[in-house]
Amino acid sequence: MSVQLFLPTFAIEECLAEIRECLEKGWTGSGYKTLEFEKAWCEYTGLPHAHFLNSATSGLHLAINILKEEERWQDGDEIITSPLTFVSTNHVILYERLKPVFADVDQYLCLDPDDVERKIGPRTRAVMFVGMGGNTGQYDRIERLCRQRGLRLIIDAAHMTGTRLHDQTPNGDVTIFSFQAVKTLPTADAGMICFADQKFDELSRKKSWMGINKDTYQRTSDRGNSIMAAIGLVQLRYLDRDTSYRRQVSDWYDAGLGESNRIGIVPTAPDCESSRHLYQIHLENRDEMILALNGCGIYPGVHYRDNRDYRMFRQERDTCPNATRMSQRIMSLPLHMRLTRKDVDAVIERIHAYAR
Ligand SMILES: Cc1ncc(COP(=O)(O)O)c(C=O)c1O
């Protein structure tokens, strides 16, 4: 038995046909399929602008670089962010010589608006909201808070491809998606930056080509290429179908694990139709559980380790108790298109057997 955490699935013949078109035309770089994909993305999400990039990390960096420059933020100004995220969410804040100020996460593992409010200070310029696993958490409250306090709202929507809230794709001042290999719309490596403001969208197009404070090792452009966009276009056709299946798998997990008082399930926020990039549970003996599952060919994951465990994000005192606690307890269960009901039942059975 081998049940992987992620296993991307592609409509292979359709992808090859789209890629063939690029090769035949002799246009594999930016500006051919990338424009088609940007248009398709705007139509799918309802967002006004979309610029295709080589990764979400580039998009996050670009977002902060543009906002800092255009709004005249100073070095050392602050962005309130989550400690429970992929590290690149917070790396990009440091790249621009700004300061990440960590607020705690709530029961959805997304930013807790009460704690965000407590952490707003005179130098706070923006809030970075991470839609963990596709969840929208208390996004509405975060958005309201940002409007009231004049803060920019950046959404790290790396997990939110296919997520809807009140029937719409969440739309911050800037929203950044990932189409990296294991995401819900997998290509190989790619991302999309969606600014609400046209002026910033235009700037992002210029800057992704002209360079954004590039380090010497970083010689390639941040622009996405037509081969990735070709795969993205095909994958987008199947996104809603795939999301339905992910929700189905999640319902099976809910039904199988919901009764246990040793296992906590990270809930999906009300009104959120989650992309279900992740299905997360939390339990006391997480590390032991992972080893036991690995021993029988089941490979869960951890999303994420508290970023403050890393030296660059270390702080003087613990200000996010829930993130600290959850970082030691959370586990993501296998969730992908090739998972069968039988696989899910096997995972559930083993979890019950090993949970303490
Ligand atoms: C929450 C989050 N943000 C940002 C990223 C970065 O995405 P990319 O790999 O497209 O740069 C990821 C990818 O793993 C992620 O999970």
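Author: Two residues are in contact when heavy atoms of theirs lie within 4.5 Å. In this predicted model, take the contacts between residues at least 6 apart in sequence: 72% of them join residues at least 24 apart.

Reader: Which residues does asparagine 307 contact, leaving aside its neighbours within four places in sequence?

Author: Asparagine 307 touches Pro83, Thr85, Phe86, Val87, Asn90 and Phe313. Its place in the chain is the loop between α10 (286-295) and α11 (321-327).

Reader: Is asparagine 307 buried or exposed?

Author: A residue is called buried under 20% relative accessible area and exposed over 50%. Asparagine 307 has 0% relative accessibility, so it counts as buried. Across the protein, buried residues make up 58% of the 356 residues.

Reader: What does the relative accessibility of lysine 206 say?

Author: Lysine 206 stands at 56%, and therefore counts as exposed. This lysine belongs to helix α7, residues 198-210. Its C-alpha atom is 10.0 Å from that of arginine 223, a residue 17 places away along the chain.

Reader: How many helices and strands does the protein have?

Author: The secondary structure comes to twelve helices and twelve strands. The radius of gyration is 20 Å, close to the 21 Å that the globule rule gives for 356 residues, so the protein is as compact as a globular protein of that length. Along the principal axes, the C-alpha atoms fill a box of roughly 55 × 55 × 40 Å. The exposed surface of the protein is about 15,500 Å², and carbon and sulfur atoms supply 48% of it.

Reader: Which residues are closest to the ligand?

Author: The ligand is surrounded by 17 residues, and the closest are Thr57, Asp156, His159, Lys183 and Tyr304. By class, this shell has seven nonpolar, eight polar and two charged residues.

Reader: Where are the polar contacts to the ligand?

Author: A polar contact is a pair of N or O atoms within 3.5 Å. Aspartate 156 has a polar side-chain atom 2.7 Å from a nitrogen atom of the ligand. In the side chain of lysine 183, an N or O atom is 2.8 Å from an oxygen atom of the ligand. Alanine 56 takes part through its backbone, where an N or O atom lies 2.9 Å from a ligand oxygen.

Reader: How much of the ligand does the protein bury?

Author: The ligand taken alone exposes 390 Å², and the protein buries 92% of that. The elements giving two or more residues to the surrounding shell are α3 (56-70) and α4 (87-95). Of these, α3 gives the most, with three residues.

Reader: What should one look for in the backbone?

Author: Most residues other than glycine have a negative phi, and most peptide bonds are trans. Departures from that pattern can be picked out in this model. Histidine 303 and tyrosine 304 are joined by a cis peptide bond, with omega about 10°. Tyrosine 304 sits in the loop between α10 and α11, and it is also among the residues closest to the ligand.

Reader: Where does arginine 97 lie, and what is its phi?

Author: Arginine 97 lies in the loop between α4 and β3 (99-102). Its phi is positive, about 60°, although the residue is not a glycine. With a relative accessible area of 46%, arginine 97 is partly exposed.

Reader: What is the phi of aspartate 167?

Author: Aspartate 167 has a positive phi of about 70°, and it is not a glycine either. Its loop runs between β6 (164-165) and β7 (174-178). The relative accessibility of aspartate 167 is 61%, so this residue counts as exposed.

Technical notes:
Residues numbered from 1 in each chain as written. Predicted model: local features only at pLDDT ≥ 70, side-chain atom pairs only at ≥ 80, totals over all residues. Heavy atoms only, no water. Near = heavy atom within 4 Å. Polar contact = N/O pair within 3.5 Å; in protein donor to acceptor, adjacent residues only side chain to side chain. Areas by Shrake-Rupley, 256 points an atom, 1.4 Å probe, with all protein chains shown as cover. Helix = DSSP H or I, 4+ residues; strand = E, 2+ residues; numbered from the N terminus. Nonpolar A, V, L, I, M, F, W, Y, C, P; charged D, E, K, R; others polar. Rg over C-alpha atoms; globule rule 2.2 N^0.38 Å. Buried < 20%, exposed > 50% of the residue type's maximum accessible area, 1.4 Å probe, protein only.
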